[in-house]
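Visitor: Hey, I've got a protein open and no clue where to start. Can you walk me through it?
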Amino acid sequence: MRMRTMRAGATALALALLVSAAGSAPAAAAPAVVTVAGADLVSVALDGDAMSLRIRDAEQVSRDAVGHDPAEVVLGPDGGLAGRVLAGRGFAFLGAPGHAVWSLSVGDSGFPALDTTGIRPGVVTDDTVALTVRSVEGPGTFTAYTLSGLGTATPLFGSGPGLARTAQLPVATRTAGVVWAFDAAGDYRLTLTGSATVRTGRKVSAEATYRIRVPAISPAEQAPPPAVAQPATRPDRQSAARALAAATAAPEPTAAPEPAAAPPAAAAKAAATTAAGARQVIADGHVDMGPQLSGDNWTIRIKDDRTSPPVWRETSDVVLKVKDNAKITVPAGADFLGEQGDTVWLLPQSQQAGIVWPGWNTQHESVVSGVKGNVTWTLKGVDGPGRFALFLTGSFGKADVLFDSTKAFPQQLSVPLNTHAHGNWAFSRPGLYRLAVQMNGTTSAGRAVTDTKTLTLAVGDSTDPNSGFGSGSGADGDKDGGAAQVGDGPLPRTGAGWVLTAGAVGIVLVATGVLLVVWGRRRSGGRPAADA
């Protein structure tokens, strides 16, 4: 009897302990909230022989942080964009024209990326990582694709018929402008596998399951919000010329900034990789234009991602070379690029081998931590032989024009903090183009900061990019008498072209003055004027 009592007591104690443990156990953690704009949906890294797949939000990307475990994140439904499949072959892999589709993106520029910067070149064979869709559980079809240009897209992988299940990603790159699309509402579970073979011959891999919640797909037939703020009246040529001249002129001396607090480690590291004086012609690879803040000094620089760690370069030290392999034919419906069938040079929104891939960002640590509100990017003028346009291709192929040199200047674009974006840069004729760009912000202390610089691009194989480091316009289009345009008038000229014109005018004025003096002396019989 005593033994039974002891057993009963032990059982009761065990149950009490279990109840107590259950009551004290923490509730399951809520899924992390990740905004997909500028995020790495799949960040592949290799630590020795251990591979990992993570999700990194834009802030983690800027700090080069490890990121989230995909199992702890639910993507959607707060972020996303609904649309319809366009007619034509460019998006036929998504379904029939008019079919409703939802994409994991924020507007036309808030696309996520696939990232392999966590694997250095030379570590795995062929410098590639295989990313495979192992399984898709959900009510519809999943497709991942990149936006190749206006009205076209390139599928990477997916669960639909005829789609590949594996994409080969180059190491040490970030494939931006990646769209994850779904054609039915509901909950999805995507299991992805990354794999590669290290130089020792050993195969390494990692697997992760992604959860996506797709809301009801209701495409709204709405035009995108205007990205370009234009003045009510057209500026005259002199004002546009002054803007370009200011961009190319040496900066005026400024008062020494007040002592600032010591920068965080990330900012110090970034400052250590800032270079000046080393001229670079960049014809391939990833670069971004963006501001940096040091005290009250606000400077636009070029972030050169061709090396690791990246190098921030002065805009005057960089010429972007747009080779002839970037030429495309203007499709129907792209009137802002020219007439159908015209040839344009296009730097596409998604990265392509052999073509420079410029973007813009507000991700420098000094900007993220030292600025409040958005950064305003202003195009103040364009000097070049032809038309320039910068536009975005939306998730489903529609174009959103940000800047257009045939419109009135200045043109403005509001860029949120911690943004990294790419667009399509189009040029209608070969030659040298100089873009007067300005970026404005407000520091955390409430001080307005601004900088204006010149972004130089040499378009066409026939254009010497080294001429872009000088002050001349170097526009090949001038050779045949072609007139570049600002609005409806010829482009303002800066640099040597402007100096030569001013010099010629000066010579004419001096010569005219000499002739007037000689003519006056002859009328007075050559007699000298009386002393005053």
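Guide: Sure! Keep in mind that this is a predicted model. The chain has 6 helices and 33 strands.

Visitor: How much of the chain counts as buried?
Guide: Of its 532 residues, 46% count as buried. As for the outside, the chain exposes about 25,600 Å², and carbon and sulfur atoms supply 55% of that area.

Visitor: And what about contacts along the sequence, what do they join?
Guide: Take the contacts between residues at least 6 apart in sequence: 73% of them join residues at least 24 apart.

Visitor: Okay, sheets now. What's the strand order in the open sheet of 5 strands?
Guide: The order goes β3-β14-β13-β7-β10, and the pairing is mixed.

Visitor: Which strands stand at the edges, and why is one side of each left without a neighbour?
Guide: Those are β3 (74-75) and β10 (166-170). Each has a single partner strand, so one of its sides has no neighbour in the sheet.

Visitor: What holds strands of a sheet together, anyway?
Guide: In general, strands pair through backbone hydrogen bonds, either parallel or antiparallel.

Visitor: Then how does β3 run with β14, parallel or antiparallel?
Guide: Parallel, with 2 bridges joining β3 to β14 (residues 203-214). Leucine 75, for instance, has isoleucine 212 in β14 as its bridge partner.

Visitor: Switching topic: how many aromatic pairs are there?
Guide: The structure holds 16. One of them is phenylalanine 91 with phenylalanine 93, a stacked pair at 6.3 Å centre to centre with 25° between the planes.

Visitor: Are phenylalanine 91 and phenylalanine 93 buried or exposed?
Guide: Phenylalanine 91 is buried, at 2% relative accessibility. Phenylalanine 93 has a relative accessible area of 23%, so it counts as partly exposed, since buried means under 20%.

Visitor: Why is the pair of tryptophan 377 and phenylalanine 403 called edge-to-face?
Guide: Because the planes of tryptophan 377 and phenylalanine 403 sit at 75°, and over 60 degrees counts as edge-to-face. Their ring centres are 4.9 Å apart.

Visitor: Where in the chain are those two?
Guide: In distant parts: tryptophan 377 is in strand β24 (residues 371-383) and phenylalanine 403 is in strand β26 (residues 399-404), 26 residues apart. Tryptophan 377 is buried, with 2% relative accessible area, and phenylalanine 403 is buried too, with 1%.

Visitor: Last one: which residues form the aromatic cluster?
Guide: That cluster is made of Trp102, Phe142, Phe157, Trp180, Phe182, Tyr188 and Tyr210.

Note on methods:
Residues are numbered from 1 along each chain as its sequence is written. This is a predicted model: local features need pLDDT of at least 70, side-chain atom pairs count only at pLDDT 80 or more; totals for chains, interfaces and linings use all residues. Side-chain values use heavy atoms; hydrogens and water are left out. Two strands pair if DSSP finds at least two bridges between them. Helices (H or I, at least four residues) and strands (E, at least two) are DSSP runs, numbered from the N terminus. Rings of Phe, Tyr and Trp (its six-membered ring) pair if their centres lie within 6.5 Å; planes under 30 degrees apart count as stacked, over 60 as edge-to-face and the rest as tilted. Buried means under 20% relative accessible area, exposed over 50%, partly exposed in between (1.4 Å probe, protein chains only). Contact means heavy atoms within 4.5 Å. Accessible areas come from the Shrake-Rupley method with a 1.4 Å probe; for residues, only the protein chains shown count as cover.
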